[in-house]
Every structure is written in structure tokens, then in C-alpha cells.
Amino acid sequence: MNLAESLLHALKNHGAKEIFGIPGDFILPFFKVIEESKILPLYTLSHEPGVCFAADAAGRENSSLGVVAVTYGAGAFNLLNAATGAYAEKSPLVIISGGPGYKESKQGVLLHHQAKTLDSQLKIFSEITCDQTVLNNPRTAAKDIARVLRSCKENSRPVYIEIPRDLTFNECDEVINAAPSPINPDAVTACANEIFARLEKAENPFVMAGVEIRRYNLETKLSLLARKLGIPVATTFMGRGLLVEDEDPLIGTYMGLAGYPRVTDAVEQSDALLLLGVIFSDTNFGVSQSRINMSRTIVAADRNVQVGYHNYSEIPLENLIDALLKKADKIAAPEVKKPCNPAGGLIADDNKIEPHDIAKAVNDLFDKHGKMKIASDVGDCLFTTLSIQPTSLTGPAYYAGMGFGVPAGIGIQATSGKRPLILVGDGAFQMTGWELGNCRRYGWDPLVIVFNNCSWEMLRTFQPGTSFNDLDDWKFAELANILGGNGYRVTTRAELKTALDKAYSTRGKFQLVEVMMDREAISPTLKRFTDAIKAAKMN
Ligand code: S1T
Ligand code: MG
């Protein structure tokens, strides 16, 4: 088998379900093998950030590898910001780039698409990936691929693979999956014993679930552990959408001062706070009501566990949860009532629309037809998800890079076959919303709600009285029809309800509901978030 086929089989054996990409001359041979071998389906979109966001979201959706393939230089550098977001949010993304062939790299002339030197790209991608390889040695290629794909899965971070274009068809061994990295079971047991002892002694033990619970597919095990321990759970902003089943002991999403006081108090007053797979970031903890007391906190993330001031390394999250499950028996923890689901009940009248009206309309839709998976962009649409019933949510809640929403929704429908609800602001839509023009050729039909306030409104809440955040009205609904979908422009709550019902019942084409809102009409959560940030800056 040739190098390309060996790589494609390895990707599939490691859980990849498709490839998103945009070709270029440095990767044409690889694309030819993808198309002819049919080992994995290939989806092309219109711009490299789009295919990278789509691949990232597909990997998050499957808790497995997402794969993006691009040409050297102009292609690869074009997806850097999207790939950085995947790194920051611990997404198991495989970035494949075509590369210069051996002979041409020795010609002594500058190659098109080249940056400073021919290995500048590898150096730059080394900063936003956990492992890398350039497959320039057919004898070791199979082992290099195995090592890099193992790194991607074990660390749940992007990896970089460069294929010199003149080696694509070279003979290559089949890739044998690398053995898992060694761990010390005694260290895992010692760590679990120390954690368990702390939880047992505590008055108010509490668990917070972060994004790694989804990345390593640990939702069921975590829910069982929390129930067996009798300890309530909250998710981080990034972890929203986890543990949404009725039996899960979830009390809500922690957002410090921007969240619901009951959740904030339960987390910040806990005397044994167990953070499982949590990204310790400003967006997850930046607006904490009171600093989290680290001496009473256990942080298990990135294959490390910090118990107070003790550190355990090479402890995979799944091994830790398994060890805790072995020990778990009821710990006397105070019963914490589960929250009632965020309410629907939109009043369909002629009043103007505000973000929380959109949340109510979506809750009404979910009550009537069942929940949908949500892909959200940055902006107030993301904060509005806190008022939408918890459901599978894919959004850049930590890295906060715009442009994610539409391509991510496309990636979710491509990989799962399920129709997503996409929430996106007008500013973010101007960046990557046009990828919807690719839905027709693949038969995708996402339901898209554009929060159109003709503004970068989130920035205006941070910096009021500025006009540089003003945007023009691009009339997205009209453009939707040209791009192969249906568009609805609504300005009242009654129109919103009618349009959403119609859009939901229309399949086979993407449906875009453009919701016109006043500037300064923001969600309650964004209001609390920006008030908390301002208050924190004042102190
Ligand atoms: N560029 C990119 C790629 N990502 C970003 N996050 C930003 C710039 C900065 C930024 C925000 S929020 C925001 C910008 C420009 C405005 C978003 O506007 P829109 O999509 O219309 O949503 P809304 O009107 O609800 O704010 C974050 C804070 O960095
Ligand atoms: Mg806006």
C-alpha cells in the first residue's frame, strides 16, 4: 500500500469518520488517493478556516479524531487561527498539509507558498499542536503516523502531519496502532485514595465537569460516579451540554458572577471541589464571585492531577474516574435540587425581539419537537445558550474565536447526519456564514438563527459609546435564498415564532432566520458577565 493509503487507513482505525479540506498543488496527489480509495469521505468547503472549524467540530461531536487536509503555505497558514482554537479547547484535530517534494526542496530557489524557510510551517504549527511529523522517510513513516495519532488521542490536542508531495505514492507499511503510553496503576490508586479521603471528610463536596469529559467520552462514567457518591455536579461554560439526561445530578453551569447564584455559591463554598477535565481559564473562572480556594480544590486535567499542593503526573482522566468508581460509595453530601429547565413561553406579539426571546422561542421549539444539537459562535448568541435548555453544545466558549458557528454546524451535520441549530451573530456571520453556500451539494439543511443587531455588540458592552462597533445591515435573509436556502427576516416576536415553526418544518435546504434586534439589546447572561468584568476591574 502507498503512504497516502496507509495514512487514510490509520486515520479511520483511530476513529476518524471523514476529511474536510481544500486542495492545492502541494496536496493534489493526496486528494487523488482520498477520492479514488474511498477509505474516508471528503468534504470541501470554501475557505480554510471553514474546513478547519468543521473538522474540529466533527471531532468534538464524535469524541474522536477530526481531520482537515490543506495545501502547504497559503492553505495551512490560512487555518492557523481555527487550529489554535482547537488547541486551546483540547480538540483532537489532525492537520494534514501537503509539502514540498525532496527534489524541489534542493533546487535552491524559493518555492511558491514558502514563508521564511521550507520548515517555517512545521515550526509554526509546533506551537499549536502536541505532536508533529514530516513523512519524508518511507521506512519510518508508519511508525511516525502511529506515534502522532496516539498523541492526538491521548492528549486530545491537534497534531500536524506534512506529506512531501513526491512521496505520496511511495510504498509504506500498514500503520500498527502504537501501544498506549505507560501509566503507573499504583499512582492512580494513590491519587484516587487521596481524593476520596478529601471528599469523605468534606461538608460540601462538589464536582465540576469540564470539556475533557466530552473529549474522552466519559459522560456516562462521570454521571454514575456522581450519583454513587451522591455529589452534585455543575459544568463549566465549555462543558455546557454535558450530563443533560434526567438522571444526571446536574445543577447547572458555573459562570461565577455571570451565572446563577445557586450554582456559583455551591461551587465557591465547596470545601472539596473536584474539577474533572476543566480548562482553568478566565472565561470559566474569570468572573468568580470569590477566588476558588486552591487548597480545597482538586484539578484533574491534561493527564495530571493536583490535590491541594500535591501533584500526580501521567494520570489519564478515565483511569482516575475508573479508580474512583471502584471506591465510590455514598458520601453524605447535601441534596441539591436540580434546576428547572430554562423556560419557553415566548409571547408571540408585536414587541421587538431581544436575545432572551430567542432563547424562549428555541425552548418552545425543543418542547414541541425535542432538543437539537447546537453549534454556536462567539458573541451574545453564546451567552444566550445559558437560557436555552441544556443540550449538546459545541462552541468556542474559552478560546472565543469568531467564525466557528456555521462551519461547526456543517461539520456536525456532515459527521452525525443530525440537523443542528446554529446560533451566530451578524459580525461572525460576515466571517464564515457563507459556507452555507456549500450545503446544497451535500444536502445539509441546518437551521440557522442570525442575531442581527448590526453591531459587534459584545464589544460595545465592554466599550460603550463607540461607533467603530457599528455594522451595516447586510440583509442576510435575502442572501440566503441566493445561496440555496430559505431566508426569513423577523422584527417582532410573533414573526419570530412563525418563521421558526416554518423553518423547522422545512427540510432539504438550510433555513436562515435573521432576527433583527436593537443595539444594546443584550442577554441577561451577557449583562451579568460584562457587569462582573467591569466590577472586577474596578476592584
Ligand atoms: N476576531 C475574531 C476572529 N474573534 C474575536 N473574538 C474577535 C475578533 C473579537 C470579538 C469578540 S466579540 C466580537 C468581536 C469582534 C463581536 C461579535 O459580533 P457579533 O458576531 O455580531 O455578535 P454580537 O453582536 O452578539 O456581539 C470577543 C470578545 O473577542
Ligand atoms: Mg452583532
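User: How many salt bridges does the rule find across the interface of domain 2 and domain 3?

Analyst: In this predicted model, the rule finds 0 salt bridges across the interface of domain 2 and domain 3. A salt bridge needs a side-chain nitrogen of Lys or Arg within 4 Å of a carboxyl oxygen of Asp or Glu, and across this interface the count of such pairs is 0.

User: Where do domain 2 and domain 3 lie in the domain assignment of the protein?

Analyst: According to the domain assignment, domain 2 covers residues 185-328 and domain 3 covers residues 355-530, while domain 1 covers 3-167. The C-alpha centres of domain 2 and domain 3 are 31 Å apart, and the contact involves 17 residues from domain 2 together with 19 residues from domain 3.

User: What is the area buried between domain 2 and domain 3, and which atoms give 66% of it?

Analyst: The buried area is about 1600 Å², and carbon and sulfur atoms give 66% of it. On the side of domain 2, Phe237, Arg240 and Ala258 supply 37% of the area buried against domain 3, which is more than any other three residues supply.

User: Why is leucine 225 called buried?

Analyst: The relative accessible area of leucine 225 is 2%, and the word buried applies to values under 20%, so leucine 225 is called buried. This residue belongs to helix α10, which runs over residues 219-229. When its neighbours within four places in sequence are left aside, leucine 225 is in contact with Ile321, Leu324, Leu325 and Ala328.

User: Why does glutamate 61 count as buried?

Analyst: Glutamate 61 has a relative accessible area of 18%, and because the cut-off for buried is under 20%, glutamate 61 counts as buried. The residue is part of helix α3, residues 48-62, and, leaving aside neighbours within four places in sequence, glutamate 61 is in contact with Lys373, Ser392, Ile412, Thr415 and Ser416.

User: What places arginine 157 over the face of tyrosine 87?

Analyst: Arginine 157 lies at 4.5 Å from the ring centre of tyrosine 87, whereas the rule allows CZ of Arg to be within 6 Å of a ring centre and also asks that it be within 35 degrees of the ring normal. The distance therefore fits the first condition, and arginine 157 is indeed listed as lying over the face of that ring.

User: Which residues form one aromatic cluster?

Analyst: Phe20, Tyr43, Tyr442 and Trp444 form one aromatic cluster, and the structure holds 16 aromatic pairs. Rings of Phe, Tyr and Trp count as a pair if their centres lie within 6.5 Å.

Conventions:
Residues are numbered from 1 along each chain as its sequence is written. Chains are lettered from A and ligands numbered from 1 in the order in which they are written. This is a predicted model: local features need pLDDT of at least 70, side-chain atom pairs count only at pLDDT 80 or more; totals for chains, interfaces and linings use all residues. Side-chain values use heavy atoms; hydrogens and water are left out. Rings of Phe, Tyr and Trp (its six-membered ring) pair if their centres lie within 6.5 Å; planes under 30 degrees apart count as stacked, over 60 as edge-to-face and the rest as tilted. Helices (H or I, at least four residues) and strands (E, at least two) are DSSP runs, numbered from the N terminus. Buried means under 20% relative accessible area, exposed over 50%, partly exposed in between (1.4 Å probe, protein chains only). Contact means heavy atoms within 4.5 Å. Domain bounds come from an automatic or database domain assignment. Buried area is the accessible area (1.4 Å probe) that two parts lose on being put together, summed over both.
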